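Grab a pencil and work through the exercises below with the structure open beside you. Each task comes with a solution that goes step by step.

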Amino acid sequence: MRRQIPIVVCFVFGIFMLVQFFVPHPLFTRGYQNVLDWMQIIFVFALLVGALSFILLHLEKISKRQKDWVYNLIAVVGLVVMVVLGFWKGIQKGSPFLWVFDNLQVPMQSTMFSLLAFFVASAAYRGFRARNFQSVVLLIAGVLVILGRVPLGELLHAKIPEAATWVLNIPSMAARRGILIGIGLGSIATSLRIIVGIERTYLGKG
Amino acid sequence: MKGKFCPLIFLLPLFVSLTRTALAAEETRWFDPQKTGLLVGILITILLVFGLIFYSKKKGSLKIRSIPGLEAMDEAVGRATEMGKPILFSSGLGKMERVATMASMNILGSVAEKIAEYNTPLIIPNYDPMVTTVAQEVVKESFARAGHPESFKPENIYFVTQSQFGYVAAVDGIMLREKPATNLFLGTFEAESLILAETGNSIGALQIAGTDSTIQLSFFIVACDYTLIGEEFFAASGYLTKDPMVLGSIKGQDFLKLIIGLLIIAGGILSTLGFGHLIDLLGK
């Protein structure tokens, strides 16, 4: 029964979601909305489980004074402080919760995102090294697209932006579409395997 | 039989609610004719995939081409074992309802079984609490299947945060502190893909990545040792388990690709000659 119930539920809802896409009747559109609402409810409970496991994990490391336990302490304190602030004065504009969010969380996230600029540079250095013919083609295409996207490109030659657009819209798009077709077919086949119960690893059974 | 229908009782409120809606409905169409082309495409896909699944089941096994990224899984696990370092697995930002996350969990099942045999630590920080629960269950069962249930450490599979860059910061921190010998980035990734892969590269980890995002694939290709491109990512579970039914569905995908390729060529030629009938037909 422990295996059968999830498989039956997966099959019923999988088929329903597939069929409802083609049926405009309210019986199905309403059903679809219901399923989306249920997902939100399930997610809230899953989030509670996640928060609980988060707290227990960090508390255990703090209590055992494991290596770098101070970071675990900061994580737990951060979680508790935000919950307290949220319940105390709400999360509306001007609240302490939003102040902490805007002045700590957002700058920290922006900092992490900014790292991308440096990583793009180091990855581009490795990717664009002209080791063989393919690398040379990649290097030329890359330089062309970079130049075509900045005013300097047009200054060097009026045709460079046009060439960059051609690279993006023709060969690059063709390759992307090829990969997208593969991904689409892979997604459909995987979904079918899951719906009919051939693929059951997500239940913990291979 | 009674037991088999028991789960359907839970769906009773949905059926009651939907029947009431149906009785009060103004829209009475049961099929949207604008989606005919799509329906035909889906039906052909279903027929081909299931046809090949049954053929494969009957035949025993089917051969599929070698995928270097998946061939390297043994090397990745062996490397971590030899170095006495952990393996880091990330399914990215995907939630459980995404097919890429499902595919990621399928790969995790096979990889965890190999890892259990070598008793190598496996760290899985998660973005989504539901994925955490599923990952714990998948790894636990895999360790049990490998005959090492005692090696399963649930504390190594945990929920981190639902903040995209908070998750990146956490995983980067884990990489820099624990220095995993192998990083497996398999799932849904967005702007964080390159930050994760480059950090992994900086610590010298062997990295295998796979995702359903074409934009992020290019970042993984330059920063990782092996990348599962396109359908390779979805074929991974069948490739690793050699399950004939899964392999059959992968063959079905290949035949569909062939059909699509032929249609693209035919459409291109006919359009060039001024006949737009095929495009009109497929566009419906």
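**Exercise 1. Find the bridge partner of Leu88(B) in β4(B), then place the two strands in their sheet.**

Step 1: Look across from Leu88(B) into β4(B), and you land on Asn183(B), its bridge partner. Helices (H or I, at least four residues) and strands (E, at least two) are DSSP runs, numbered from the N terminus. You're looking at a predicted model, where local features need pLDDT of at least 70 and side-chain atom pairs count only at pLDDT 80 or more, while totals for chains, interfaces and linings use all residues. Residues are numbered from 1 along each chain as its sequence is written, with chains lettered from A and ligands numbered from 1 in the order in which they are written.

Step 2: Zoom out to the strands: β1 (87-92) and β4 (182-188) of chain B pair in the parallel sense over five bridges. Two strands pair if DSSP finds at least two bridges between them.

Step 3: Now try β2 (122-126) of chain B, which runs parallel to β1(B) and is joined to it by two bridges. Here Ile87(B) has Leu122(B) as its bridge partner.

Step 4: Put the strands in order: the open sheet has six, β3-β2-β1-β4-β5-β6 of chain B, with parallel pairing. At the edges sit β3 (157-159) and β6 (226-228) of chain B, each pairing on one side only. On average, neighbouring strands are turned by 15° against each other, direction ignored.

**Exercise 2. How many of the six residues of β1(B) are buried?**

Step 1: Apply the rule: a residue is buried if 20 or more other C-beta atoms lie within 10 Å of its own, exposed if 12 or fewer, and partly exposed in between, with C-beta atoms placed from the backbone.

Step 2: Check one side of β1(B), and Ile87(B), Phe89(B) and Ser91(B) are buried. Flip to the other side, and Leu88(B), Ser90(B) and Gly92(B) are buried too.

Step 3: That's six of six, so β1(B) is largely enclosed by the rest of the structure. For the whole of chain B, 46% of its 284 residues count as buried.

**Exercise 3. Which strands does α9(B) lie across?**

Step 1: Follow α9(B) over β4, β5 (206-211) and β6 of chain B. Its direction is at about 165° to β5(B). Axes are lines fitted to C-alpha atoms, for helices over the stretch in contact, and angles run from 0 to 180 degrees between N-to-C directions. Two residues are in contact if their C-beta atoms, placed from the backbone, lie within 7 Å.

Step 2: Helix α10 (231-241) of chain B also packs on the sheet, touching β5 and β6 of chain B. Its direction makes about 105° with that of β5(B).

**Exercise 4. Why does the span of α3(B) agree with what is expected?**

Step 1: The expected span of a helix is 1.5 Å times one less than its number of residues. With 24 residues, α3 (36-59) of chain B should span 34 Å, and its end C-alpha atoms are 34 Å apart, so the two agree.

Step 2: List its buried residues: Thr45(B), Leu48(B), Val49(B), Leu52(B), Ile53(B) and Ser56(B). They pack against α7 (160-195) of chain A together with α11 (244-272) of chain B.

Step 3: Just past α3(B), Gly60(B) takes a positive phi of about 110°.

**Exercise 5. Where does α4(A) bend?**

Step 1: Go to Asp102(A), where α4(A) bends by about 30°. The bend at a residue is the angle between axes fitted to the seven residues ending there and the seven starting there.

Step 2: End to end, the 32 residues of α4 (96-127) of chain A still reach 46 Å, close to the 46 Å expected.

Step 3: The buried residues of α4(A) are Phe97(A), Met112(A), Phe119(A) and Ala123(A). Their cover includes α3 (69-89) of chain A and, from chain B, α7 (164-178), α8 (192-202) and α9 (214-223).

**Exercise 6. Is Arg65(A) buried or exposed?**

Step 1: Arg65(A) has 9 other C-beta atoms within 10 Å, so it's exposed.

Step 2: Its place is in the loop between α2 (26-63) and α3 of chain A. Phi of Arg65(A) is near 50°, a positive value in a residue other than glycine.
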